[in-house]
Structure formats: C-alpha cells, structure tokens
Amino acid sequence: MEPVPAADPADGAQGGAPLLDRTGACCHGGAKMAVLAYSLGGDSCERLLSKGRYLGENVWQPYGCMMHKYKSIEAKTCLAEKRVAFVGDSRIRQLFYSFIKIIDPERREDGNKHEDISFEVETSSVNVDFLWYPEANNSMKERLISWTHEGSAKPDVVILGAATWSIKLHSGSSETLEQYKANLTAIAVHLEKLADHGEVYWVLQDPVNEEVLSENRKMITNQQLELYNEVAADVLNSSKRNGRSRVKLLAASRQAALETITQSDDGLHLPESTRNVGAMVLMNSLCNKLLRPIDGSCCQTLPPLNLLQKLSLCFFLGSALVYLVFHVLCNNRHRRPVPADVESLEEKKPATAAAPLGPKALFQALCRMGIIMIYFYLCDRADVFMKEQKFYTHSTFFIPLIYIFVLGVFYNENSKETKLLNREQTDEWKGWMQLVILIYHISGASAFIPVYMHVRVLVAAYLFQTGYGHFSFFWLKGDFGLYRVCQVLFRLNFLVLVLCVVMDRPYQFYYFVPLVTFWFVVIYSTLAMWPQILQKKANSSGLWHLGVLAKLLGLLLFICIFAFSEGFFEQIFSVWPISMLFELNGSVHEWWFRWKLDRFAVIHGMLFAFIYLVLQKRQVLSESKGEALFSPKISNLLLFLSVVSFITYSIWASSCKTKTECNEMHPYISVVQILAFILIRNIPGYARSIYSSFFAWFGKISLELFICQYHIWLAADTKGILVLIPGNPSLNIMVSTFIFVCVAHEISLITNDLAQVVIPKDSVALLKRLGAVGILSLVVLLLPRSSKPTPGA
C-alpha cells in the first residue's frame with residue numbers, strides 16, 4: 001500500500017469570502033461534463049445521472065424524468081442482501097454519509113477522518129462501506145483487483161472518485177494530470193470487470209469556491225478540476241458496450257453543486273442539501289428498476305403488456321379493420337352517379353330525435369377511441385415522453401387562476417332561462433370548478449393547506465350537484481326505468497373502465513367516478529323504493545312531503561352508521577366481488593377516506609333541491625328576469641350572511657395547522673360555503689340572467705377533463721407533469737393542454753355516440769346486454785391482477 005498523506009486537502013481551514021466571477025466560469029465546464037458523460041438523447045437513467053436543474057430550494061429535477069424521494073424502509077428493501085462500497089476522498093465520504101442517512105436518518109457523521117468506515121443493517125443485511133483512497137493510484141487499483149478475484153466478496157455497487165489530492169500534492173502540474181490519466185486507464189480495466197457483476201459509478205469532481213479555499217488548497221481550481229473530469233470522461237467512455245459506458249459517470253451532483261457551491265463553508269465541501277441530491281440520484285439509479293415507484297420514472301423500463309391490455313389492443317385493432325372495410329364499401333357505393341336532389345337526403349332531424357348510430361359510425365367511434373387510448377398509453381406507460389415532478393409556488397397556482405377567471409368573465413352571455421341553478425349556470429359552475437382543480441393538480445397546490453381546503457369544498461360542491469340534479473330529475477320526471485339508470489352509469493363509467501384495462505389500474509384509482517357512481521345508486525335506491533313520492537303525488541297532499549323528509553332522515557342515519565363504524569364499513573366493502581371495485585392496494589381504506597370526507601354533500605344537495613322545488617311550486621321565489629330571488633330585505637340579509645361566511649371560511653382554512661385537523665371539520669362546514677356561493681350567484685336578478693359561456697363549455701366535459709388529466713396532462717398517475725416539449729415549460733404546458741382538452745372533448749362525443757348503441761331503449765334487448773356484460777365482468781374479475789399504486793392527493 002502506498003503511504004497515505006498526512007493531511008487531507010478536504011479537511012482544511014474554512015473561509016467566508018464571496019464567490020467571484022471566475023468560479024462562475026465552471027458552469028460552462030459543468031455543462032460540458034454533462035454532455036461528455038452522456039448524450040441527453042439517451043434513456044432516462046442516463047439523464048438522471050447527467051443533467052438536471054433546481055426547481056426551488058433543495059428540490060432537484062433530473063432532465064426529463066421524475067426522481068422518487070426514498071424513505072428508510074424502501075432503501076432497506078432495495079439494498080437488502082447487498083454490499084455497497086464508496087471509495088475515495090472526503091468528498092466521497094460526504095456522499096457516503098448522505099447515502100446511509102437515507103437508510104438510517106438517525107446516523108451521525110462520527111467516523112474518523114482518513115480511515116475506513118462501515119455501516120450495516122443486520123435486519124436486512126445491508127452493508128455500506130467507505131474506503132479511504134484519496135488518490136486514483138496503485139493502492140486504489142490493488143483494492144479493485146482484490147474484488148475481481150475468484151471467490152472474493154465482490155461489492156454489488158461501487159461508487160468512487162478522486163482528484164483533489166492529486167492536484168494539491170503536486171500543485172496541479174501537467175505531469176500529474178498525465179499520471180492520473182495513466183492510473184485511471186489501468187483502473188478502468190478492473191472497474192469494467194466489476195461492472196459485469198454489479199453497478200459501478202465514477203463521481204465527477206464538484207466545483208470549488210476558489211475565493212473561500214484555504215491557502216493550502218488554492219491550487220485546487222475549477223480549471224484543474226475540469227481537466228481531471230475531462231480525463232475521467234474520456235477514459236471511462238472509451239470502453240462502451242452497445243453504445244453505453246459500462247462504468248456510469250455521476251455528473252448530476254456536479255450540476256447541482258454549480259448552483260450551491262457558494263454556500264460551502266470551506267469552499268471545497270458541499271452543503272448537506274447538495275450532497276443529498278447526489279445520494280438520492282444514486283438511490284434512484286439503483287432502486288427504481290427494482291421497486292418501480294410510480295413517481296420515480298428515471299431508470300424504469302417499459303412493463304410488458306398484461307392479458308387484458310393485449311385483448312384490448314386486439315379489440316381496437318379489429319374495430320379499426322372493420323371500420324376500414326365499411327369505409328371502402330361505402331366509398332364504392334358513392335362512386336355511382338349522384339342524384340340531383342341529393343341535398344334533400346340530408347334533411348336535419350330535430351335534436352330531440354337523433355338518428356340511431358349505424359354500424360359504420362359505431363366502429364368509427366371505436367376506432368377513434370382506440371387511437372386515443374394508444375396516446376394515453378404512450379404518454380403514461382411507455383418510455384416515449386418525458387415526465388417531470390411538480391413544484392408548488394404561489395405564482396404557479398394563482399397566476400393561471402387569475403388568467404382563466406378573466407377569460408371566464410370576458411365570455412359572458414345572457415341566459416336562456418333565469419331559474420335558480422339553471423342548466424347553463426350549473427355547467428358554468430362545473431366548468432370553473434374543474435379548471436381550478438386542474439390548476440390545483442398541475443401546480444402541486446395540495447402542499448398549501450388553505451388552497452387544499454378550498455379545493456375540498458369544490459369536490460363537495462360536485463357531489464352537492466349530484467344530489468341536487470338527480471333528486472330534481474326523479475322528483476319532477478318520476479322516471480325510475482332501467483334505461484335511465486343504465487344511461488347514467490354508462491356515461492359516468494365508460495372512460496374509466498376502458499382506462500382500467502388499457503392503463504392497468506384498479507377502478508378505485510379514479511376515485512371520483514366510483515364516488516359519484518356510488519351516490520347515484522344511493523339516490524336512486526332511496527327515491528325508487530316504496531313508497532315512490534313524486535311532485536305530482538305530493539301536490540295532492542302535503543303529508544307526502546313528510547314522507548320525503550323521512551326518506552332523507554333514513555339516508556342520514558345510513559350515512560352516520562357507516563361513518564362512525566370503520567370496521568362495519570370495511571366488512572361491507574371488502575366482500576368479493578364488491579371489493580374488486582373499492583379496494584386499492586388490497587385495502588378499502590382509501591375508499592373509506594374519500595367517502596367519509598364528503599359524506600354529507602349529496603344529502604345536502606337532495607335536501608336543497610327538495611326545499612327549492614317546494615318553494616318554487618308555491619311561488620315563494622321570484623325567478624323572473626332581472627328580479628331578486630327574495631324580497632329586498634331578505635335578499636340583502638342573505639347576501640350579507642353569504643359574504644361573511646366566505647370570509648370566515650377562508651380565515652378558518654388559513655388557520656388550519658394540518659390537513660387531518662381540517663378534514664375532520666370539512667364534512668360539517670363545507671355546505672355553508674356551497675350555499676353561500678349559490679345565494680350570491682342567484683339572489684341578484686342580473687347575476688342570474690347571465691352566465692359564462694367559456695366556463696359552461698368546459699363544464700359540459702368536466703368529467704372527461706377530470707379523468708383524462710391522470711395520464712395525458714399530468715403524468716405518472718397525477719404525480720408528475722407530462723413533457724411533450726423538453727426545455728420550454730411554457731410552450732410545453734400550452735401544447736399539452738391543447739391536446740388534453742381536445743382529447744377530453746372527443747371522448748365526450750364518443751361516449752355519447754356509444755351510449756346510443758350500447759344502451760337500447762327496448763327492455764328485453766337491454767336485459768340481454770346487461771346479462772352479457774355481467775358474464776364478461778365476472779371473467780375479468782377472475783383474472784389475476786397486479787398490485788397498483790395509490791393515486792395522488
């Protein structure tokens with residue numbers, strides 16, 4: 001062994017002077033080293049190791065992929081039965097400590113300098129060692145050779161790097177650089193042998209803050225470090241297999257250090273937050289392909305198609321083929337002489353009597369759906385498009401919010417009717433709420449509790465509208481037929497069921513659709529069971545109103561029983577085959593949480609609809625154009641109380657310390673905010689007489705927008721952001737949003753088209769199709785399913 005120098009240049013004096021311009025020149029070298037390390041056109045693992053940027057303080061974003069933040073239990077699972085060796089100087093020792101702190105956050109940096117350090121987790125047989133070799137010389141080579149011998153205990157992972165000692169001890173001479181290249185060339189042979197049996201990483205040298213360096217380190221300049229990094233990249237990239245270096249170059253930590261080296265205490269050692277970036281990059285590189293976290297898209301390979309995905313692909317391809325045959329045959333017929341009065345054949349039918357969908361149109365709709373599903377798969381399952389993580393700032397949420405509300409106010413029109421919560425107004429309501437929720441999701445605003453709580457009210461408002469709308473329909477129309485039920489269930493669930501198959505996700509993953517579907521069934525069951533009480537019947541005797549209230553009271557008791565007995569709730573929803581619809585990761589806890597959070601919203605909507613319709617029938621309300629809903633005194637009082645409730649709720653939401661604390665109160669107070677909005681929006685006659693056509697357009701496709709965002713606007717099942725245009729976030733969000741909205745609109749049209757065919761009005765035909773669907777569903781449920789991730793907040 002060669003003698004170890006008496007002093008480590010990385011363990012010298014500290015300084016505090018600011019970084020001068022010449023240190024900034026290393027930034028160009030850093031970019032150059034990233035390019036030398038890997039081409040950015042490579043796979044996501046190469047991009048993880050080579051390039052990235054800071055989204056904010058301590059938040060590192062690799063180029064084009066998502067980096068999972070590993071916790072202790074995950075790290076132990078990944079590294080179980082493995083040996084990891086860090087070889088090098090004090091900078092590698094720092095990286096070693098940051099790495100083992102992921103495994104054991106309580107570990108302290110208490111090892112001796114210039115000595116080997118061991119770390120072991122006996123329960124999972126994780127061994128991580130730091131070996132003190134400050135120079136790339138014969139001593140380091142001999143250690144590597146000892147690992148390549150037959151029968152020796154080889155490390156599964158080797159992380160090494162060195163240069164600062166060589167620069168300091170020899171004053172940065174050119175001869176030392178040549179010797180470094182020769183030594184590294186000899187070492188590279190053995191690194192390649194180790195790479196045949198495990199992972200080998202060479203850590204490129206981080207920059208220094210030259211002005212803060214102590215006198216005995218002044219020769220360690222960024223120019224010198226860049227020369228040594230170029231040598232390392234040239235030597236280690238010279239032996240490639242299949243166009244890829246067998247020894248991986250870790251350049252990302254250098255990229256991070258370029259922006260944070262000014263925070264270094266001694267000019268040489270990196271701040272802890274920057275060292276943590278390098279450690280987390282290593283953990284993602286090692287573990288993502290094993291644990292496959294959904295928010296760790298770096299270094300993940302494309303999963304193989306399962307049986308259902310293959311069958312769905314065959315189905316859509318078959319539909320496209322049938323449509324092509326229809327198209328050719330129709331074109332052949334069209335080649336005959338065209339009659340002079342052909343335009344008379346195109347007489348438009350009334351909108352209320354749409355023509356039934358023909359076979360060609362059916363397969364055309366399926367073909368369009370197939371193309372869209374391929375796009376979904378390519379966006380969020382295949383490694384075709386890049387993905388990046390979210391990062392919340394107030395500007396990323398509030399600036400788009402202001403922008404869309406300006407657009408919404410600009411595009412206003414007169415309402416066709418001026419009744420409270422008319423169709424145009426409810427579409428407008430759904431539209432602006434959905435746009436707010438979309439901005440909330442893409443900006444990662446759930447991290448900000450006041451925004452989180454206001455968005456929770458919006459979700460409750462959707463369920464409130466569900467109760468209001470369906471109660472109003474059944475109360476006024478009295479249509480409890482099977483056709484109506486199947487129409488509603490199909491429109492709610494068609495897209496989600498297709499995505500469950502194509503994207504290999506459980507039904508409960510798209511939590512809002514199961515929630516709305518469940519409450520529709522509850523509303524239907526409550527109102528359809530004997531005695532069926534309709535408005536016509538209630539008009540004949542006021543006692544029937546008490547019957548409706550009794551039904552609502554029974555529904556309230558049903559909700560309370562479920563809400564205050566989680567064990568009973570789980571027993572009901574864990575029974576097969578119900579559990580297949582409501583379980584996520586083998587548990588119904590997520591369903592329990594989502595259901596309980598807004599458990600009273602639907603019954604509030606039903607009760608509001610009942611009171612409103614009774615008051616309307618008795619002509620208590622003034623709903624003529626331009627008239628206030630109540631008398632001036634009552635209107636002014638209600639408006640005042642509504643504004644006060646808005647302000648009070650916002651103050652309360654801002655004072656909440658934790659989401660858990662807020663969520664406990666949310667089911668009881670969300671209705672106050674919803675009612676306040678309804679009153680403010682409807683009491684003034686002029687407000688009730690106009691609506692925003694901009695918001696109303698989005699409201700008509702709000703369900704499709706909510707579901708599609710999971711995979712073609714966001715990414716990694718809502719945990720990240722889809723990147724269609726790398727390097728230009730603004731242009732990327734504009735392009736991806738345009739495609740996303742177009743796809744959602746197209747799916748809405750396809751769903752409406754298919755509903756005409758799939759749900760026939762003839763009762764016998766409908767029952768036959770339901771029987772076929774039941775058999776098909778049973779077969780699908782019996783197929784083995786893989787484990788699924790939990791959706792984002």
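## Cysteine 299 and its disulfide

Cysteine 299 is buried in this predicted model, because its relative accessible area of 8% falls under the 20% limit for that class. Its partner is cysteine 45, and the two sulfur atoms of this disulfide are 2.1 Å apart. Cysteine 45 is buried as well, with a relative accessible area of 15%.

The torsion about the S-S bond of cysteine 45 and cysteine 299 is about 80°, so this disulfide is right-handed. Cysteine 45 belongs to helix 3, which covers residues 44–50. Cysteine 299 is in the loop between helix 11 (272–291) and helix 12 (307–334). The pair therefore ties together parts that lie 254 residues apart in sequence.

## The disulfide of cysteine 65 and cysteine 298

Cysteine 298 is bonded to cysteine 65, with an S to S distance of 1.9 Å. Where do cysteine 65 and cysteine 298 lie? Cysteine 65 lies in the loop between strand 2 (59–62) and helix 4 (72–79), while cysteine 298 lies in the loop between helix 11 and helix 12. Parts that are 233 residues apart in sequence are therefore tied together by this pair.

The S-S torsion of cysteine 65 and cysteine 298 is about 90°, so the disulfide is right-handed. Cysteine 65 has a relative accessibility of 1% and counts as buried. Cysteine 298, at 0%, also counts as buried.

## The disulfides as a set

A disulfide is a covalent bond between the sulfur atoms of two cysteines. How many disulfides does a search of the whole structure find? The search finds four. When the bonded cysteines are numbered in sequence order, the pairing reads 1-6, 2-5, 3-4, 7-8.

Another of these bonds joins cysteine 656 to cysteine 662, with 2.1 Å from S to S. Both cysteine 656 and cysteine 662 are buried. Two further cysteines can be described by their accessibility. Cysteine 486 is buried, with a relative accessible area of 9%. Cysteine 560, in contrast, counts as partly exposed at 24%, because that value lies between the limits of 20% and 50%.

## A sheet of three strands

Strands of a sheet pair through backbone hydrogen bonds, either parallel or antiparallel. One open sheet in the model has three strands in the order 11-15-14, and the pairing is antiparallel. Strand 11 and strand 14 are the edge strands, since each pairs on one side only. Strand 11 (residues 386–389) is joined to strand 15 (residues 720–723) by four bridges. Within this pairing, lysine 387 stands opposite leucine 722.

Strand 14 (residues 714–715) is joined to strand 15 by two bridges, and these strands run antiparallel. Leucine 714 stands opposite isoleucine 721 of strand 15, and alanine 715 stands opposite glycine 720. Strand 14 and strand 15 form a hairpin with four residues between the strands. In this hairpin, alanine 716 takes a positive phi near 50°.

## Aromatic pairs

A pair of aromatic rings is described by the distance of the centres and the angle of the planes. The structure holds 59 aromatic pairs. One of them is formed by phenylalanine 130 and tryptophan 132, whose centres are 6.4 Å apart and whose planes make an angle of 55°. This pair is tilted, because its angle is neither under 30 degrees nor over 60. Phenylalanine 130 is buried at 0% relative accessibility, and tryptophan 132 is buried with a relative accessible area of 6%.

Phenylalanine 509 and tyrosine 510 form an edge-to-face pair, with 5.0 Å from centre to centre and 90° between the planes. Both phenylalanine 509 and tyrosine 510 are buried. Elsewhere, ring pairs link residues into a cluster, among them Phe518, Trp519, Phe558, Phe562 and Trp595.

## Charges over rings

Which ring does the charged end of arginine 505 sit over? The ring is that of phenylalanine 509, and the charged end is 5.9 Å from the ring centre. Phenylalanine 509 thus has two contacts described here: the ring of tyrosine 510 and the charged end of arginine 505.

Lysine 537 also has its charged end over a ring, that of tryptophan 544. The distance to the centre of this ring is 4.9 Å.

Definitions and conventions
Residues numbered from 1 in each chain as written. Predicted model: local features only at pLDDT ≥ 70, side-chain atom pairs only at ≥ 80, totals over all residues. Heavy atoms only, no water. Pairing = 2+ DSSP bridges. Disulfide = S-S within 2.5 Å. Buried < 20%, exposed > 50% of the residue type's maximum accessible area, 1.4 Å probe, protein only. Phe/Tyr/Trp six-rings, centres within 6.5 Å; stacked < 30°, edge-to-face > 60°. Lys NZ or Arg CZ within 6 Å of the ring centre and 35° of its normal.
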